[in-house]
Amino acid sequence: MPEATICAVATPPGRGGIGVIRLSGPGTAEIAEAVAGPLPPAREATWRRFRGPDGETLDEGLMLWFPGPRSFTGEDVAEFQGHGGPVVMDRLLQRLLGLGARLAEPGEFSQRAFLNGRLDLTRAEAIADLIEAGSEAAARAAVRSLQGEFARTIDQLVDRLTALRVHLEAGIDFAEEPLEGLALDDLNRQIEALDADLAETRRRASQGQQLQEGLTLVIAGRPNAGKSSLLNALAGRDAAIVTELAGTTRDVLHAYLHIDGMPLQVLDTAGLRDGGDLVEQEGVRRARRAMADADRILLVMEDSADGDPGAQGDMESIERELPADIPVTRVINKIDLTQRPAGPDGEAMAVSALTGAGVDRLRSHIRGHLDPADGEAVFIARRRHLQSLDRAEISLTEARTAAVEGMGEELVAESLRQAQEHLGEITGTVTTEDLLGEIFSTFCIGK
C-alpha cells in the first residue's frame, strides 16, 4: 500500500454550488479528524465545520468517511463536500496539505483502486471514458465497461485458454503417465471456437473504440465541386474558406461536429486532379492518404444541366482511385443551379450546400451509415485494447497452425500462453509500470 496520503479537488474548476475534496491513504483518519472533528459513521453524510490550524472555520458542509478496504481506492477515504468557490476549495486543500497530505497525480485515485484490487484496468479506464463521453451511445458503452462487461468477456476467454493449456501441458509434463490428452480434431475445434469468439470481442471493442474517439468522414472530389461549402453546411459554421477559384483548399481541413449525438471528425480535402503546382500536388497526396484512413468517404460531384453530374471531370477515374475497402456516399452538389430535387437520387444524395437543401437528409444518411454500435450492446474500448486483441488473435492463429501441421504440443501450448498474456494486458493481470503510468496520466486529477 502506498505510504503517502493524497488529496485533490474532485469537482470541475470554477464556481459551483458544491465542491468536493477527496482524501485517501494511511493518514486519512488523523487528517480528517484534525479538520472536521471525530469521524462520522462509515458511509453516512454528516454535517461538519471544516476548521483551519487556529480553529477558524474555513467552510461548512458534509463529510463522508469510507474506511478501507470498502472504499473506492481500497484505502481509508474521506470526502469533504463544501461550497464550490475556488477560494474556499483552495483554503481547505491547503489545510489538508499542511497536515501532511500531498496533491494527487492525475488518475492516482483510480490507480490506487486498481493496485488494491478494487478495479481492473478496463473498469478504471471506463471511469475516464464515461467522463469524456461525446455521445449517449458512448456513455452507455462506458457504463457497460464500468459495470465489468468487457472484463467478464475477457476473463471468460482467458478461462477457456487456461483450461486448454492445462490439458496440453499436463500431457507434456506427464508424457509417461496414462493421462487423457486432446485429440487433434478436438484441439482444433476448441481453438477455432476461441478464435471466433475473440474476433467477435474484437469487433465489439472496435465499435466501442470508434464511439470513444469518433468516426472519420472524408469529403473528396474534383476541384470546385463544393466540398468546402458542404463541410460548412454540415458543421453549421464557416469551417473552411470558400471561393469561386478551383484549388482553394490546399491542405486537409479538420472539423469536429456531432450528428444526433454521434461525434464525427470531418475532413475537407484538396480537389483531386493531376497537375497543379507543387503545393497543390502535395494537397492531393494528403487527400488520398486521408481517404485511406477514413471510415466513410463523401464523394462530391457538381450537378450539371445536362443531367450528368460530375461532367466537369472524369468521375470514373476518381472512383477508380478510391480505397477499395472504404464505403462511399456519392453526393450531387449545387442542385440549386439545376433544380434537381433534394434527397436520394439513385445511389447518390442530391444537395445544395449553398441553400441547405437536402443537407438534413444527408446528415441522417451519414448517421445511419456511420453508427458503429447499430443498436447493439458494445463496450467502450481503447486502441491499446484493440492492439492486445490483435496480438492474441495472431497467437491463436499460430497455435492452430502448429496443431494442424503437427509441430508439437509444446509450440501449441506456448502460443496459447502468449494469447493469454495478451488478453491479460487488457484487464491488468499482466502489466508494466510504463503501461500504468501512460493509462492513468490521462485521468482527471481528482480521479
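**A guided look at a predicted model**

Q: In β10, which residue is the bridge partner of A220?
A: This is a predicted model, in which local features need pLDDT of at least 70, side-chain atom pairs count only at pLDDT 80 or more, and totals for chains, interfaces and linings use all residues. Residues are numbered from 1 along each chain as its sequence is written, while side-chain values use heavy atoms and leave out hydrogens and water. Strands (E, at least two residues) and helices (H or I, at least four) are DSSP runs numbered from the N terminus. In β10, A220 has as its bridge partner L299.

Q: In which sense do strands β7 and β10 pair, parallel or antiparallel?
A: Two strands pair if DSSP finds at least two bridges between them. Five bridges join β7 (residues 215-221) to β10 (residues 296-302), and the sense of this pairing is parallel.

Q: Why is one side of β8 and of β12 left without a neighbour in the sheet?
A: The open sheet has seven strands with mixed pairing, in the order β8-β9-β7-β10-β11-β13-β12. β8 (253-259) and β12 (343-345) stand at its edges, so one side of each is left free because each has a single partner strand.

Q: What angle does the direction of helix α8 make with that of β7?
A: Helix α8 (residues 227-235) packs on the sheet, touching β7, β8, β9, β10 and β11. Axes are lines fitted to C-alpha atoms, for helices over the stretch in contact, and angles between N-to-C directions run from 0 to 180 degrees. With β7, the direction of α8 makes an angle of about 145°.

Q: Which elements give two or more residues to the largest nonpolar core?
A: A nonpolar core is a set of buried (under 20% relative accessible area, 1.4 Å probe, protein chains only) Ala, Val, Leu, Ile, Met, Phe, Trp, Tyr and Cys residues joined through side-chain atoms within 4.5 Å. The largest has 27 residues, and L396, V412, L416 and L423 have the most contacts (heavy atoms within 4.5 Å) inside it. The elements that give it two or more residues are α6, α7, α12 and α13.

Q: How far does helix α13 reach from its first C-alpha to its last?
A: Helix α13 (residues 409-427) has 19 residues, with V412, L416 and L423 among its buried ones. The expected span is 1.5 Å times one less than the number of residues. That gives an expected 27 Å, and the reach of α13 is close to it, at 28 Å.

Methods. Buried < 20%, exposed > 50% of the residue type's maximum accessible area, 1.4 Å probe, protein only.
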